[in-house]
Amino acid sequence: MSLSTLAIGTGTVAAVLIARALFTQTGSTSRTKLIPPTQERVVIVGASSGIGSELARIYAHRGAHIVIVARRESLLQQLVDELSPVAGAIHAVQGDVTLPNEVQRITRESLEALQGRVDTLILCAGIISVLPFDELAGINSTVSDSVVLPSKAQEAFEASIKIMNVNYHAPLNLTTHFLPTLTKSSSAGNIMVVSSMAGKVGAPTRAIYCASKHAAQGFFEALGMEVERTGVHVGIVSPGTVATDLRQSAVDLPKNNAASSSSSSAGPSETKPIAGTKKGAMTARACAEGIVRGSDLRQHEVIMPWFYHVSLVLQIVSPGLVRWLAKKKYGYL
Ligand SMILES: NC(=O)c1ccc[n+]([C@@H]2O[C@H](COP(=O)([O-])OP(=O)(O)OC[C@H]3O[C@@H](n4cnc5c(N)ncnc54)[C@H](OP(=O)(O)O)[C@@H]3O)[C@@H](O)[C@H]2O)c1
């Protein structure tokens, strides 16, 4: 490669990075001037563990009025006990966000707890998949029969529906339910959706997870443009790997097998290791801080850690390199 090609390449990456930085953020004025932290009404969906529980801690220590939502009631109660002394108010609503009648009840109970006002809806509930798709679907082309059918097509189809329900349909349905009150009751309503880098770039062994996050990304990007004129802001958060127990929720592994992988991904002894290193993962706390900052600054896009901005630029400039990096991370080279 000649020096001039290198200079042009570097210049292009720098220019695109600057353009991204300029257009990602809507402004430097903090929304906290419009809605003081102690008056902010926040609903956090998926708050029983990981990133969501850290979000609850941050908002509670800012004195906000919070509703926390998830299925595991005992974890929600522990958070209420921990955060009641510091939060403006904290209320737990137990429920499964994939069930339409539960979403209605969750919305009603949340809004009652917040006296009919909500400023910030954070959609953080999510589940993952960790198997190569051929393994999930039982696709084996080495058998000698002339007609070969997958042995687990139904399982693959059901896993896909399950992950789409949690990662795409539930955020859509919750948004539908909260949007009227968010628009009416807040001077600067925010919806923050916790997507993933998997919503921007494909990765081997995460096919149906990537699909669900790409779907959410598309929906919320479009919705954000539609609702902007009503004063509601939509921010999409795309973290890289975060050190949480998300892998335990894997739709394609038996519950008790699903990766207790805290480091480089080795699961329990009887299971195969789960692909995808967690080395260098950001903490749930750091991720939650980035989300709160993104909400305060009303950023359309929150990419974490920062160097993933580079991979998004590379996706345009050098997609082959991004594919190589993704394959490397998940052991597909
Ligand atoms: N960890 C990462 O590497 C990473 C990277 C990028 C993006 N993300 C995204 O970050 C979000 C939070 O994940 P996390 O890493 O913090 O994992 P986590 O600790 O497993 O949190 C997932 C949360 O979602 C809730 N949830 C799942 N299914 C639900 C349902 N049907 N109804 C209600 N709540 C439900 C869980 O609560 P219950 O089980 O109690 O219901 C839990 O509070 C997810 O959307 C994930 O895709 C994570």
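## Residue L121

L121 is a buried residue, with a relative accessibility of 0%. In this predicted model, L121 lies in strand β4, which covers residues 120–123.

Which residues are in contact with L121, once its neighbours within four places in sequence are left aside? They are V43, V45, L174, T175, F178, N190, I191 and M192. One of these partners, M192, stands 71 residues from L121 along the chain, yet the C-alpha atoms of the two are separated by 6.3 Å.

## Aromatic pairs

How many aromatic pairs does a search of the whole structure find? The search finds four. Among them is the pair of F219 and F220, which is edge-to-face: the distance is 4.9 Å centre to centre, and the angle between the planes is 85°. F219 is partly exposed because its relative accessibility of 24% falls between the limits of 20% and 50%. F220 has a relative accessible area of 1% and is therefore buried, the limit being under 20%.

W306 and F307 also form an edge-to-face pair, with 5.9 Å centre to centre and 85° between the planes. W306 counts as exposed because its relative accessibility, 62%, is over 50%. Its partner F307 is partly exposed, at a relative accessible area of 43%.

## An aromatic cluster

Which residues form one aromatic cluster? The cluster consists of Y168, F219 and F220. Within this group, F220 is buried, whereas F219 is partly exposed.

Definitions and conventions. Residues numbered from 1 in each chain as written. Predicted model: local features only at pLDDT ≥ 70, side-chain atom pairs only at ≥ 80, totals over all residues. Heavy atoms only, no water. Phe/Tyr/Trp six-rings, centres within 6.5 Å; stacked < 30°, edge-to-face > 60°. Buried < 20%, exposed > 50% of the residue type's maximum accessible area, 1.4 Å probe, protein only. Helix = DSSP H or I, 4+ residues; strand = E, 2+ residues; numbered from the N terminus. Contact = heavy atoms within 4.5 Å.
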